[in-house]
Amino acid sequence: MFRISDSDIHGIGWIATCNIRADTPILDEKVCIRMPLGPLYLPNDPSGLKLLQELVSNLSEDQRTSLLALDGISLLDKIWTNGHCLIDHDVDPLGVGTRKELGIYLKCARLNHCCQPNAARASDKDDIMSVVSQKPIAAGEEITISYMDDNLAVTADRESQMQSKIYVGKFWEGCRCHLCTSPEEVKKVSDARRRRLSYYRDELLQGTMSKEVLVTEFLSLMEVEGLPNSLMGTAATMKMVNLLFGIDMRTASQNTLDSISFDKGTRVVLHKLKARPELNGKTGFVVHPLNSKANGRVGVLLDLVEDTSKPIALKPENLCLIRDGNR
Ligand SMILES: [Zn+2]
C-alpha cells in the first residue's frame, strides 16, 4: 500500500503506491524498543545510554541497521526524535498521559508530520501501532500523521511545539508540510479557523453554550480546516464530552443538524460542497431561512464573491454556523 522513499516534506517518508480510501488500516507494527523516558531527560547520565545500548544489542542485524539509519546525531537523540509515547490504556483511558516510556517503531518512525495530516497512528494496550487513513489518499501522495500535542495550534505555536520535540534541534528546520509552505494569506485563514476551534473546544469542556450545537460546529470546522477528528487532543476532547455530557460526538453531528435553525442574518461557512468545491470555506449570511417549499434549502448571500450578487440555495448539511459573526 506504500513504499518508504524520498519525501517532499523531510528526508524519506511513506508514499502511497495505490489509491487509499478514508478509514483504511494501512499497517500494524510491533514495537521494536521500549525505553523509559527518565534517562532521556538526563543525557549526561551514563546509565541511560548503557540501558539503550543493551536494548540495541538485543536487536537483529536488520533492526539495528534500520534504527541507526533514523534521524538523530546520537543513539539517545534517535530515540528521542523518533520515539512514540506509549500510553497505559488501563490507567489513562483518555489517552492524554503516558507510560513514561518511548517506543520505537522502525517503519512508523518514517512517517512524516503534516499540520493537515491524512492518516493517524495509535498504539493499543499490546503496544501494536496501527496506522489508519483519515482521508482518501491518492497513489503517489505522501501518507502523513501529526506529531503535535495540540493539533489546533496556530502556525507560530506549532513551530515552538515542534522545536521542543527535537532533542538537539539539529534536524528541525521548520515544518515543510503543504500548509506551512502555503502563502501567508492561506496560513492566516487557517490560523483564524484554529483559534475558533480552540474556542469551541474550551466551550465544549467548560462553557455554557449548547453542547449539541457546538459539537456540530466543531466537527464541521475541523473538516473545513482539513483536520481529522482522530487527532490527539481532539480525540481526548471527544472522550471527555462523552464522559461529562453523555454526547457521542462521532454520531451526534448528523443527528443535531435538523435541530439547528438557520435564522435570517445567521453567519455561516460553506463546506462539503461537491458541485462547487471552490466555495468550500467561503462565508456569508442567511437571507432566506430554511424553506420546506425550496426542498429544505437555505438562502445564503456570500461575502466577497463577485459573481454572486444573488443568494444561493444550499442544503443545511453544507452550512456550518459561525457564532459571533466576526469572521
Ligand atoms: Zn506544517
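**Notebook: a look through a predicted model**

I began at Gly83, which sits in the loop between helix 4 (75-82) and strand 5 (84-85). The model I am reading is predicted.

Is Gly83 buried or exposed? I looked up its neighbours and found 22 C-beta atoms inside 10 Å. The cut-off for buried is 20 or more, so Gly83 counts as buried. Leaving out residues up to four places away in sequence, I listed what Gly83 touches: Met35, Leu102, Gly103 and Ile104. I also checked Ala109, which is 26 residues from Gly83 along the chain. The C-alpha atoms of Gly83 and Ala109 are separated by 7.3 Å.

**Whole protein**

I then noted the totals. The protein has 327 residues, and 31% of them count as buried. I listed nine helices and 15 strands. For contacts with a separation of 6 or more, I noted that 61% are between residues 24 or more positions apart.

**Cores**

In soluble globular proteins, nonpolar side chains tend to be buried together. I looked for such groups here.

The largest nonpolar core holds 29 residues. I wrote down the residues with the most contacts inside it: Leu197, Phe218, Met222, Val268, Val298, Val300 and Leu319. Which elements give two or more residues to this core? I found three helices and three strands on the list: helix 6 (184-206), helix 7 (211-224), helix 8 (234-245), strand 11 (267-270), strand 13 (297-302) and strand 15 (319-322). Helix 7 contributes the most, with six residues.

I picked Leu197 for a closer check. Not counting residues up to four places away in sequence, Leu197 touches Leu152, Phe218, Leu221, Met222 and Glu225. There is also a second, separate core of 24 residues, and I noted Trp14, Met35, Leu102 and Tyr105 among its members. Two of these names, Met35 and Leu102, were already in my entry as residues that Gly83 touches.

**Helix 8**

I tested the length of helix 8. With twelve residues at 1.5 Å a residue, helix 8 should span 16 Å. Its end C-alpha atoms are 16 Å apart, so the two values agree.

Which residues of helix 8 are buried? I found Thr234, Thr237, Met238 and Val241. Looking down the axis of helix 8, I saw that these buried residues fall within an arc of 100°, so they line one face of the helix. Just after helix 8 comes Gly246, for which I noted a positive phi of about 70°.

**Sheets**

Strands of a sheet pair through backbone hydrogen bonds, either parallel or antiparallel. I looked up two sheets.

One is an open sheet of four strands in the order 1-2-10-7, with mixed pairing. Its edge strands are strand 1 (2-6) and strand 7 (112-113), each of which pairs on one side only. How many bridges join strand 1 to strand 2? I counted five, and these two strands run antiparallel. For Phe2, I found the bridge partner Ala16 in strand 2.

The other is an open sheet of three strands in the order 3-9-8, and its pairing is antiparallel. Strand 3 (25-29) and strand 8 (119-123) are the edge strands. From one strand to the next, I noted an average twist of 15°. Strand 3 pairs with strand 9 (residues 129-133) over four bridges, in the antiparallel sense. For Glu29, I found the bridge partner Met129 in strand 9.

Key. Residues are numbered from 1 along each chain as its sequence is written. This is a predicted model: local features need pLDDT of at least 70, side-chain atom pairs count only at pLDDT 80 or more; totals for chains, interfaces and linings use all residues. A nonpolar core is a set of buried Ala, Val, Leu, Ile, Met, Phe, Trp, Tyr and Cys residues joined through C-beta atoms within 7 Å. A residue is buried if 20 or more other C-beta atoms lie within 10 Å of its own, exposed if 12 or fewer, and partly exposed in between; C-beta atoms are placed from the backbone. Two residues are in contact if their C-beta atoms, placed from the backbone, lie within 7 Å. The expected span of a helix is 1.5 Å times one less than its number of residues. The arc is that of the directions from the helix axis to the C-beta atoms. Two strands pair if DSSP finds at least two bridges between them. Axes are lines fitted to C-alpha atoms, for helices over the stretch in contact, and angles run from 0 to 180 degrees between N-to-C directions.
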